[in-house]
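Please find below some comments on the model, set out as numbered points for discussion. They concern strand pairing, helix packing and burial.

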Amino acid sequence: MNYLCIHCHFYQPPRENPWLEQIELQDSAYPYHDWNERISAECYAPNLAARILDEQQRITRIVNNYSKISFNFGPTLLSWAAEHTPETYRGLIDADRQSQKLFSGHGSAMAQAYNHIIMPLANRRDKRTQIRWGIEDFVSRFGRVPEGMWLPETAVDNESLDLMAQAGIAFAVLAPHQAKSIRPLNGGDWQDVSGSKIDPTRPYLLKTPSGGSISLFFYDGPISQAVAFEKLLDNGEKFATRLTGAFSDTRSWPQMVHIATDGETYGHHHKHGEMALAYALDYLETKKLAKITNYGEFLERNPPQWEVQIHENTSWSCVHGVERWRSNCGCNAGRLGWNQEWRRPLREALDWLRDWVAPRFEAFGSTLLKDPWLARDNYINVVLNRSPDVRALFGEEHFRRPLDEAEQVLVWKLLELQRHAMLMYTSCGWFFDELSGIETVQVINYAGRVVQLAEELFNEPLEARFLERLACAKSNIAEYGDGANLYRRYVKPSMVDLEKVGAHYSISSLFAPYGERTDIFSYSVKRLDYHTGEAGKLRMALGQARFTSKVTQESEVLTFWVVHFGDHNVAGGVQKADGTSAFKDMLGSISESFARVDIPEVVRLLDRRFGEKTYSLRSLFRDEQRRIVRTILSSTVAEAEAAYLQLYEHHAALMRFITSLGTPMPREFTAAVEYAINSLLRRACSSEDLDGDRIRNLLREAQISNISLDKTTLEFLLRRRVEALAVRFSADPSNLDKLYDLQRALKIAKQMPFPVNLWSPQNHVYAIQSGLFQRTRRRALRGDSRAANWVEGYLALSELLSIRVQ
């Protein structure tokens with residue numbers, strides 16, 4: 001029998017601010033908040049509901065690709081998805097359950113070494129923890145023990161495979177060029193298969209150094225390459241034909257053709273790639289050209305008959321082995337004139353940092369923990385669930401003795417130091433061309449968190465010694481200089497402590513009042529006292545609150561005072577609380593000066609009370625900073641907008657006349673028209689009541705005036721409005737008024753001079769086709785006039801959404 005398996009490696013580099021545990025706004029991902037959100041919308045979600053089209057490009061079926069393929073999701077990516085795209089996250093978990101029903105009890109999801117480090121370049125201790133954390137994360141999410149584990153970049157060595165086998169992992173997937181030699185399990189001479197000469201259609205057994213074994217699959221290299229880089233996904237049938245072309249009648253054993261690529265190929269890197277995948281799988285099954293399977297099922301039915309040896313220290317994305325992650329090997333993203341000499345000193349600096357903190361972690365940790373390294377291995381349970389109950393269970397198992405609150409904070413800091421000492425090795429930090437790239441700055445950020453925690457815990461100067469080594473990594477861009485300069489420019493300002501959280505809280509409280517308790521990213525705040533005042537243009541807030549890290553449990557009561565002088569001029573101070581009487585004295589003196597609107601005295605008081613350590617809008621975390629700047633600018637922007645609109649409205653006839661003459665419009669008029677029409681369209685497309693005539697008239701005006709539309713923003717706003725109406729209809733699909741509202745919105749979307757993404761409304765409308773539509777249709781056939789109206793409306797809705805109704 002011919003089997004077929006498609007594996008997708010879904011992964012994004014961790015993008016979270018190490019101090020906030022959240023991804024901050026990324027402008028390059030616009031109109032989305034960040035790249036995780038954007039790629040999820042383009043790839044992860046669409047593969048849960050992939051379209052199969054007919055000859056008229058109408059949707060005939062919507063299918064879940066994940067249930068029919070083999071896949072792994074990076075644990076750090078799944079952690080993000082669970083919080084930010086819960087529907088997609090639940091869909092992945094459900095897909096694994098569905099695959100178990102399809103594939104003889106074998107789930108299609110595979111685990112992954114935790115945060116995508118290059119395993120051959122890690123020390124044995126980190127390898128073990130990465131495997132342990134990857135397994136525990138998988139079990140917590142999928143509710144079962146993983147059979148297979150994905151090696152990041154398929155970077156492999158025998159020690160990593162040995163540790164995986166010891167942990168109960170049954171198989172891994174590698175590239176064909178990573179196989180060195182094979183021989184029959186029952187004995188014989190080794191046959192050289194270097195240079196991708198291994199037959200990829202069967203599994204192989206590798207015997208590990210400790211006496212264990214693990215099965216290895218070597219994917220089909222040429223087809224995988226064609227999927228990723230040769231536009232094979234342009235046509236689903238062509239994709240299916242290429243897959244089946246890899247079977248051969250000359251083989252006498254059950255063959256499994258399987259490929260492996262980055263999962264983002266299907267939708268993000270290749271638009272509509274998820275549809276090609278869905279079509280190919282359906283085509284193969286419908287034509288009975290192969291049995292779709294996954295690695296676990298195939299391995300159970302066809303255990304290895306051949307033994308294999310591997311080329312150690314190799315990977316799928318570097319022809320030089322694993323040099324891409326430690327040297328200027330020549331593998332890069334193609335930027336001419338740049339070198340990657342920075343890779344080696346960056347890794348050497350991080351290795352030095354890891355090895356500097358390790359013995360201190362062990363020595364200090366041993367005073368609080370029974371076995372610090374075993375505690376690190378099991379700390380994943382706390383990372384996954386930081387509740388008091390889980391922390392208490394962890395303490396019962398690992399604390400050397402009952403610890404007070406301050407000692408427990410030290411334990412959590414020690415373990416967070418180790419977590420970030422692994423996160424700083426995330427592979428993407430070395431993958432691309434330039435030291436100042438966001439992926440590389442991210443791993444330096446993780447290193448910065450290690451430095452900060454180490455100096456707090458061990459009371460030894462570390463940062464200067466680390467930066468001395470980091471300075472050896474040279475940027476290709478003169479402006480950035482070296483790694484030490486990047487650290488000072490990007491990492492140092494990003495560092496957060498409780499006082500900085502207090503500054504953020506106090507400043508932002510002037511613009512959006514907080515309740516008695518609130519969360520600010522990975523910190524919780526309990527307000528103890530809070531006073532506000534206004535005098536002329538001045539506004540102020542003065543108070544005390546308890547700030548607590550939800551990660552390390554570190555907690556402090558802080559006093560804060562912030563003054564808004566108008567516009568962007570904000571100044572504030574934060575300090576540790578020093579008693580109720582001192583706070584009351586400060587409140588009295590500040591209130592008196594503030595009431596007199598004595599600005600110089602207010603500034604002097606700020607300096608006297610808080611010294612030079614004052615804060616401004618620059619101290620805010622990025623998302624809130626952006627929101628407050630928009631608030632401050634709102635009146636100014638409104639004035640500018642009113643001026644443009646007035647110019648447009650007063651002189652629209654003249655502008656049209658100039659355009660009709662074929663005379664170039666004066667630049668001042670062009671700017672006014674472009675701003676005004678786009679502004680009016682933004683309002684119209686996001687309005688609760690979409691006015692089709694208004695939008696059409698504005699679009700006609702834009703066409704006549706030959707101005708550029710802000711298509712990205714307009715599409716996003718209109719899409720969100722249509723999606724909201726689709727959700728409203730889906731919650732009450734029998735309601736004709738809601739059906740007609742959605743229908744009107746879709747007609748507007750169809751008339752836009754750019755395509756509007758209707759993926760979500762299609763899902764909602766398609767979902768009721770087999771249930772409510774069929775029942776209502778039967779009632780209509782029996783003469784129910786209201787049912788007939790609903791059916792007519794639903795059919796029109798389906799037509800607008802290019803859905804073929806069965």
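1. For the points on sheets, two strands are taken to pair if DSSP finds at least two bridges between them. The model is a predicted one, and in it an open sheet of six strands follows the order β15-β16-β17-β18-β19-β20, its pairing being antiparallel. Strands β15 (517-520) and β20 (614-615) are found at the edges, where each has a single partner strand, so that one side of each lacks a neighbour in the sheet.

2. Within this sheet, β18 (residues 555-566) and β19 (residues 569-576) are joined by eight bridges in the antiparallel sense. As a point of reference for the register, tryptophan 561 is placed opposite glycine 573 of β19. Helix α21 (residues 599-610) packs on the sheet and touches β17, β18 and β19, with a direction that makes about 160° with that of β18.

3. A second helix to examine against these strands is α19 (residues 498-509), which runs at about 40° to β18. Helix α19 lies across β15, β16 (523-535), β17 (538-549), β18, β19 and β20.

4. Elsewhere, strand β1 (residues 2-10) and strand β12 run parallel and are connected by eight bridges. Asparagine 2 has glutamine 255 of β12 as its bridge partner. Strand β12, which spans residues 255-262, is mostly covered, since seven of its eight residues are buried.

5. Strand β1 also appears in the surroundings of helix α2: the buried residues of this helix pack against β1, α1 (35-44), β4 (70-73), α3 (86-102), β5 (109-112) and α4 (124-142). The buried positions in α2, which covers residues 75-84, are Pro75, Thr76, Leu77, Leu78, Trp80 and Ala81.

6. How are two packed helices described? The description uses the angle between their axes and the distance between the axes. For α6 (residues 221-229) and α7 (residues 236-244), the angle is about 165° and the axes are 10 Å apart. Angles over 145 degrees count as roughly antiparallel, and α6 and α7 are therefore roughly antiparallel to each other. Their crossing is right-handed. On the α6 side the contact is made by Pro222, Ile223, Ala226 and Val227, and on the α7 side by Phe239, Arg242 and Leu243. Sorted by character, the residues of this contact comprise six nonpolar, no polar and one charged.

Technical notes
Residues numbered from 1 in each chain as written. Predicted model: local features only at pLDDT ≥ 70, side-chain atom pairs only at ≥ 80, totals over all residues. Heavy atoms only, no water. Buried < 20%, exposed > 50% of the residue type's maximum accessible area, 1.4 Å probe, protein only. Helix = DSSP H or I, 4+ residues; strand = E, 2+ residues; numbered from the N terminus. Axes fitted to C-alpha atoms, helices over the stretch in contact; angles between N-to-C directions. Parallel < 35°, antiparallel > 145°, perpendicular 65-115°, else oblique. Left-handed = near helix turned anticlockwise from the far one by under 90°. Contact = heavy atoms within 4.5 Å. Nonpolar A, V, L, I, M, F, W, Y, C, P; charged D, E, K, R; others polar.
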